[in-house]
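Trainee: I've got a structure open and I'd like to learn how to read it. Could you walk me through it, one feature at a time?

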Amino acid sequence: FGSSSCVFVFTLNTPARECDLGSLERLERGSTDTLANGCRADFGAAKRLAKRLYHLEGFKRCDVARHLGKNNEFSQLVASEYLSFFDFSGLSLDRALRTFLKAFPLMGETQERERVLVHFSRRFCHCNPRILTSEDGAHTLTCALMLLNTDLHGHNIGKKMSCQQFISNLDGLNNGKDYPKDLLKVLYNSIKNEKLEWAVEEEELRKSLSELVEEQCEGGCKRVARVTDGSNPFIAIPILLNAVTYKHGVLTRKSHADMDGKRTPRGRRGWKKFYAVLKGMILYLQKDEYKPDADISEVDLKNAVRIHHALATRATDYSKRAFVLKLKTSDWRVFLLHASSEEEMMSWIFRINLVAALFSAPAFPAAIGSMKKFCRPILPSSSTRLKQEEQLLSHENKLKQMSLELEEHRKNSPSVDPKSREWEEYRLKEHYLTYEKTRYETYISLLQAKICAETDDLEKIEASVMGGLIMDGVMAGRECLLRKTQSSPSISQAHGGLNGRAAGCTAPGQRS
């Protein structure tokens, strides 16, 4: 995410000068409106706005982020001027980050938050040229600290990241070089001993969560779980107590692999029975039977699995039990889930994959392009803002990208010892690209099937898919008739207006 310029276009009905003066005048008078992309960037106005944002003159803290994270020239000027009020000289990166995160709530789209952190990294390097000389390196390390904070202090299941793992994950990411190990050890211990705290504007947080619930809950229900554990807002999503329930039933879970695909220790691999509830983009695994009006307990939250960018498949390589599906999450954790019948197993596979296909937000580009070591990109857990047709197009573009990358990757296999580190990196990337290709093929098939079904009713879509659609890598050519399941909501209830019926229909077996 380097600096990027924006093309400014004026409408025929609005003269350029009128647009400039009108928008700038409103900002001078104290309006909290963001300057439109169609207006010329003005350094003087940016400087004055940055000063007022920093001193909160006519603005609330929750107004700051949206003026700093837009992808236009004026917003970049405002952000640069705003950061100039911070003096990070002599501070370690984590202390500077703590100071910055307490100044205002880091809200907005994932890309907007990313841009704000780019400006922070640039300012830190300017104040401490001897600590980190590369702005890209500082930005990568900043994001790594935020993700480390989530790993060490979040509700994730599994072993916490060790200091050595933290260091290894950052090999070669300091502008093609390694970070000093002593620096990484100090930063790791600092985050481990004291979690990062985020500024929260209570009134604005209540408002934004309420609006989100109104979009995603039938009847405008507004009950939400308060997020007070300091989870990383960069990848966290609100827990909606009244989100739409897409499916529920008994599942027996076995943890097969922890984060990044590392085998789960033997003592934690046992089968455990849960009452599973697919609610929004979260699969809750509850001890007690599902009750629609019951609040979610702390234990249920710890067992919950986020299914954004996940893929559910038949566990063809597991033969000890029948009707077992494999769920691979965005962070490459792997769970085996044993269902009560063939029908239930296929229904869980279908509904998990369809919800993930419909609502997973597009991945944002990696911040660094010159890496020695292969690293998977971070996949945002927030819900997509794209319409159904745009979501399908996004998946199709990602499939094309992954297919081309895989083809190019296979043309450049290492010529050294197959047991070398280069070969290990090669195999890891090939496995990633192959998996992503399968995932997007599955998403595309399901979205196309939903469009062709010409309905938002899950029961009808599921019957259509199970009756004839072959899901690449999931159905394995099998056909089965399903009995009516207990829950059959409309798929669009959770995201009204985002997934309207398409005007046209693409055949399920075709690729656009």
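Mentor: Sure, and let's start with a cut-off we'll keep using: a residue is called buried when its relative accessible area is under 20%. Keep in mind too that this is a predicted model.

Trainee: Okay, let me try that on one residue. Is A199 buried or exposed?

Mentor: Buried: A199 has a relative accessibility of 10%, so it falls under the cut-off. You'll find A199 in the loop between helix 9 (181–193) and helix 10 (202–216).

Trainee: And which residues does A199 touch, if I skip those up to four places away in sequence?

Mentor: R61, L101, K102, A103, F104 and P105. Take L101: its C-alpha atom is 6.1 Å from that of A199, although the two are 98 residues apart along the chain.

Trainee: How much of the chain's contact list is long-range like that?

Mentor: Among contacts with a separation of 6 or more, 69% join residues 24 or more positions apart. As for burial over the whole chain, 49% of the 512 residues count as buried. The accessible surface comes to about 24,400 Å², and carbon and sulfur atoms account for 50% of that.

Trainee: Let's go up a level. How many helices and strands does the chain have?

Mentor: There are 15 helices and 9 strands. Seven of the strands make an open sheet, in the order 6-5-4-3-9-8-7, with antiparallel pairing. The edges are strand 6 (305–306) and strand 7 (311–314), each of which pairs on one side only.

Trainee: What packs on that sheet?

Mentor: Helix 12 (residues 342–359) does, touching strand 3 (245–257), strand 4 (272–279), strand 5 (282–286), strand 7 and strand 8. The direction of helix 12 makes about 95° with that of strand 3. There's also helix 14 (residues 421–453), which lies across strand 7 and strand 8 and runs at about 90° to strand 7.

Trainee: How do I read the side chains along a strand?

Mentor: The general idea is that in a regular strand the side chains alternate between the two faces of the sheet. Now look at cover in this case: strand 3 has 11 of its 13 residues buried, and strand 8 has 4 of its 5.

Trainee: And which partners does strand 3 have?

Mentor: Strand 3 pairs antiparallel with strand 4 over 8 bridges, and V250 stands opposite Y275 of strand 4. With strand 9, strand 3 shares 5 bridges, again antiparallel; there, S255 has F335 as its bridge partner.

Trainee: What about strand 8?

Mentor: Strand 8 (residues 324–328) pairs antiparallel with strand 9 (residues 334–338) over 5 bridges. L325 is bridged to L337, and L327 to F335. Strand 8 also pairs antiparallel with strand 7, over 4 bridges, with T313 bridged to K326. Strand 8 and strand 9 form a hairpin with 5 residues between them, and W332 in the turn has a positive phi of about 65°.

Trainee: W332 sounds worth a closer look. How do I describe its ring next to another one?

Mentor: In general, a pair of aromatic rings is described by the distance of the centres and the angle of the planes. The structure holds 18 aromatic pairs. In one of them, the ring centres of W332 and Y435 are 5.7 Å apart and the planes are at 75°, so the pair is edge-to-face. The two residues are 103 apart, with W332 in the loop between strand 8 and strand 9 and Y435 in helix 14. At 6% relative accessibility W332 is buried, and so is Y435 at 11%.

Trainee: Do aromatics gather in bigger groups here?

Mentor: One aromatic cluster is formed by Y54, Y82, F85, F86, F88, F100, F104, F120 and F124. You've already met F104 as a contact of A199.

Trainee: Last one: which residues of the largest nonpolar core touch the most other members?

Mentor: L278, L283, I307, L327, W348 and F350, out of 51 residues in that core. Helix 12 gives the largest share, 12 residues. Beyond its neighbours within four places in sequence, L327 has contacts including L283, A310, V334, F335 and I352. A second, separate core of 50 residues includes Y82, C127, L187 and W198.

Key. Residues numbered from 1 in each chain as written. Predicted model: local features only at pLDDT ≥ 70, side-chain atom pairs only at ≥ 80, totals over all residues. Heavy atoms only, no water. Pairing = 2+ DSSP bridges. Contact = heavy atoms within 4.5 Å. Axes fitted to C-alpha atoms, helices over the stretch in contact; angles between N-to-C directions. Buried < 20%, exposed > 50% of the residue type's maximum accessible area, 1.4 Å probe, protein only. Areas by Shrake-Rupley, 256 points an atom, 1.4 Å probe, with all protein chains shown as cover. Core = buried A, V, L, I, M, F, W, Y, C linked by side-chain atoms within 4.5 Å. Phe/Tyr/Trp six-rings, centres within 6.5 Å; stacked < 30°, edge-to-face > 60°.
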